[in-house]
Each structure stands twice: as structure tokens, then as C-alpha cells.
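Here is a short tour of a metal site, a bound ligand and a helix that follows in the sequence. Keep the viewer open as you read along.

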Amino acid sequence: MTTPDPSKPLTGAAAVLERCDELASHSSLSDGLIQRVYLSPEHAAVNALAAGWMRDAGMATWQDAAGNQCGRLEGATPGLPALLLGSHLDTVPSAGRYDGILGVLTAIAVVERINADGRSLPFALEVVAFGDEEGTRFGTALLGSRALAGTWLDAWWELTDEVGITLHDAFVAFGLDPAAVTAAARTSNDFVGYLETHIEQGPVLEENDLPLGIVSSIAGARRFQITITGKAGHSGTPWTHRRDALAGASEAIVAIERLARDADLIATVGHLEVFPDAVNVIAGRAEFSLDLRGRFDADRDAAWQRIEALLEEICSTRGLHVAVHQTHAAPAAHCSDRLRGVIAAGIRAADGSDDGSTPLELLSMAGHDAMAVAHLTEIGMLFVRCAGGVSHHPDESVTEPDVARALDAFEAAVLALADGHTLQDPA
Ligand code: GLV
Ligand code: MN
Ligand code: MN
């Protein structure tokens, strides 16, 4: 642990936003676009930056066996279980600069404040900057947090990225030992809970004119790769002899959207590839992704069964073949009453309204590392308003006053948990 330098200003909201900008410059895309995927050179660079900021905040640091960057500030006595704070540093393609990143930097800044105040808490504080939440590189999401949660699957080693590099070989290229990945796994005894700050990635806070909110639960998600095969051929082929995979995929995509809307679920087809991909050749094969989310796993799974039947029906009518492969599954995760309570206390302390009222609670349709950590310990999440609800886009934006409020609320939530004085159910 480093002793705070009293002449150095603490990391406030403006400095947190500057750090977001600095991390955004570590990208594999040019023209100011951001993409930072798991086990890339950009991942190594942002881990090094985060490690330096963690040390400045007073933490001992290490990179774990799955490439997550970690830091720890001891509590009243060394070796106590920790309150884990964190989020992720990886991004989607053409990302914004706050999804995940803001949560890591908020956590570091809050630990810095608590250390500078010389407070000794009845638990240690750990910060984790997860290496993969989005699943951009290998299709399966939450790889970093699932390594920490001890739910890593050996089947993942053969996953490949878009240039055919396996997860196994990417580990080796990053300087990690695949055989040692289980060393990243922690146990329930290590933690008293997990708190994550994240931008909302939706419009509810903005519509309610609120800077902060409490997550009630996180929707479960399943992702699939769907391949429709027909027969490639000359674009002059008559209708009677065409087996067009792209026309079948298009009909299926629109039908999936309709079905999901009717079932009050969210379905996204964000990736589509066509083979052989030529203007005067009928598509012989179409591959597309499906990301399906819902508040309740049972509703989502029932809808998937209907989608599978629909795919079969559309393809058999058109003389096509369909194959589906699930690439990711995460059950819905509930935020504990206790941690929702401390986040509510933190929000009330930060806005000066200590009237016992419950700040707004929201369901998160976006996935978060907290879903994986829920396997180990109870979870709680603080949401920060983002402009227009826009996320996974370069226009992602937050304001400095909102970030300042989030820092105050997150610190107050940690201290409320330490004091043990707001353990009532916020509902
Ligand atoms: C990640 O942001 C996800 O919701 O998939
Ligand atoms: Mn995201
Ligand atoms: Mn995220």
C-alpha cells in the first residue's frame, strides 16, 4: 500500500473523465474509433495504466491468470474478505468510452478517497478491471468475470477470433498460461459482496431527470450463431430453381423481431455474413447472430423454442437447411436487497435527501460482469445517466456533474456497507 501524498489532489470527476479519454486512445481502430478486445496489445496497455492508477490510490496490484487487472487495499486487519468493486475495460467495435470503463475508474477513485481519509474498514477493498465482458473477440461474453467466478469452461479453449486464433493461443501470446487459468478463480469466502458502477445504456434515468439509479436485476441473455444454407448460383436463375439463403435469413430475422416484440423480449441480429457475397450470385449461405434477452429466463427460453420452430418452418418452405449454435448463455441475476439498500443510501447521501425514500430502481437489459460474479457473492449496481440512452456507439456520453454525483454515491454506498446501517429492503 502506498501512503497518500497530501499535496496531490484526489481524482475527481474531471480527472476520471480525462482517464476515460486516455483509455479511449488505446484502440485497434483508427480515425478516433474505439475497439479494445480481450488479450490484445490494447488490453495490455490499459491494464498497465489501470495498475498505475490503482497503485496511486494505495492498492497492491496484480494481473490475474485470466488477464484481469486487480488491486487491493487492506481493511482494519490484513487478509480480511474484500468488498469487490469493478467493471470491464474491453469494448465492442466502434464503442463509446464509458461502458465498463467508467465503473473501473469510479472504483479506483473511491478507493483512493477512502485511503486518503485514513479510514479502516471492516473488510478489504479490491478493484477488478475485467478483461472481457463484451465477448467481442471470441463470441462468448464475460470471460474475465467467469474466470474470477470459477465458472470457466474448458470447451472455450477452442473458440476462435475472426482471424482463426484460438483462445488458447491468445492466452499464450498475451503471456498467460492456459493451464493456470483456474488460479484466477476466487471463492465465496474471499468476498463480502460486489458493487459495480455502470452507465445505464438506456433512457430511463434521463427521462426521469435523475443522474443515478439502482439496478434491481439484470436480464438473462443467450446468444446464437445461425447458419442458413441454400444453393449459390447465377443471379439469372429462375424463381422455380432458387434456394436463396439470404432471402430465407431475411424472412427469419423479421419474424424473430416480431415474435420477440410480442413476447416482450429483446432480440438483436447485429451480425450478418453472406457467401459467396457477390452482386450476381444467389447467396448460398447466410450466417447471422442472435442475442436474445428477457427479464425471466423461462420466458426467454420459451421464445427461443418458438424461434427454432420458426426457423425450421421458413427454411423447409424455401428448401433451405438451418443449423444453430449457442455461443453464450447467462442467467438473469438479481441484485441483493442488502446491496440495493446500500446503493440507495449512497444515492441519498450524495444528493443530500436523507429522507429514507427509495431512489429509482431499474431492470438492466444490458449484460454486466456482475452477472458472473453473482455466482460467488451478492451483487449491487449503481447506474449513471447517459445522454439519450445511447451506448455501444461513439456518441456515448456522460456529464461531469453526474460522474461527480456517482463518485459521492459510490463512496457513500461502500461506507454504508461498512457501517452496516442501511440493511433494510429498499423495495
Ligand atoms: C454487453 O454490454 C451486453 O449487454 O451484451
Ligand atoms: Mn457493453
Ligand atoms: Mn458494460
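## The manganese ions

In this predicted model, the manganese ion (ligand 2) takes its protein donors from Asp99 (OD), Glu134 (OE), Glu134 (OE) and His392 (NE2), at distances of 2.0 to 2.7 Å. Along the chain, these donor residues follow the spacing D-x34-E-x257-H. A second manganese ion (ligand 3) sits 3.5 Å from the manganese ion (ligand 2), and Asp99 coordinates both.

Where do Glu134 and His392 come from in the fold? Glu134 belongs to the loop between β4 (124-130) and α4 (143-149), while His392 is in the loop between β16 (379-384) and α11, so the pair ties together parts that lie 258 residues apart in sequence.

## Buried or partly exposed?

It is worth checking how these two residues sit with respect to the protein surface. Glu134 has a relative accessibility of 8%, and because buried means under 20%, Glu134 counts as buried. His392, at 39% relative accessibility, counts as partly exposed, since that value falls between the 20% and 50% cut-offs.

## Around ligand 1

Now turn to ligand 1, where both residues appear again: the surrounding residues are Glu133, Glu134, Arg223, Arg293, Ala366, Gly367 and His392. By type, this shell divides into 4 charged, 2 polar and 1 nonpolar residues.

Which side chains place a polar atom by an oxygen atom of ligand 1? Among them is Arg223, with a side-chain N or O atom 2.7 Å from a ligand oxygen. For Glu134, a polar side-chain atom lies 3.0 Å from an oxygen atom of ligand 1, and for His392 the distance from a side-chain N or O atom to a ligand oxygen is 3.1 Å. Ligand 1 on its own has 200 Å² of accessible area, and the protein covers 93% of it. Glu134 and His392 thus feature in two settings: as donors to the manganese ion (ligand 2) and in the surroundings of ligand 1.

## Helix α11

The loop that holds His392 lies between β16 and α11, which makes α11 a natural next stop. This helix spans residues 400-419, 20 residues in total, and its first and last C-alpha atoms are 28 Å apart, close to the 28 Å expected at 1.5 Å a residue. Most of α11 is covered, with 14 of its 20 residues buried.

Both ends of the helix are worth a look. At the start of α11, Thr399 brings a side-chain oxygen to within 3.2 Å of the backbone nitrogen of Asp402. After α11 comes Gly420, which has a positive phi near 65 degrees.

Terms used:
Residues numbered from 1 in each chain as written. Chains lettered and ligands numbered in written order. Predicted model: local features only at pLDDT ≥ 70, side-chain atom pairs only at ≥ 80, totals over all residues. Heavy atoms only, no water. Helix = DSSP H or I, 4+ residues; strand = E, 2+ residues; numbered from the N terminus. Expected span 1.5 Å × (residues − 1). Buried < 20%, exposed > 50% of the residue type's maximum accessible area, 1.4 Å probe, protein only. Polar contact = N/O pair within 3.5 Å; in protein donor to acceptor, adjacent residues only side chain to side chain. Near = heavy atom within 4 Å. Areas by Shrake-Rupley, 256 points an atom, 1.4 Å probe, with all protein chains shown as cover. Nonpolar A, V, L, I, M, F, W, Y, C, P; charged D, E, K, R; others polar. Donors = N, O, S within 2.8 Å, 3.2 Å for Na, K, Ca; no water.
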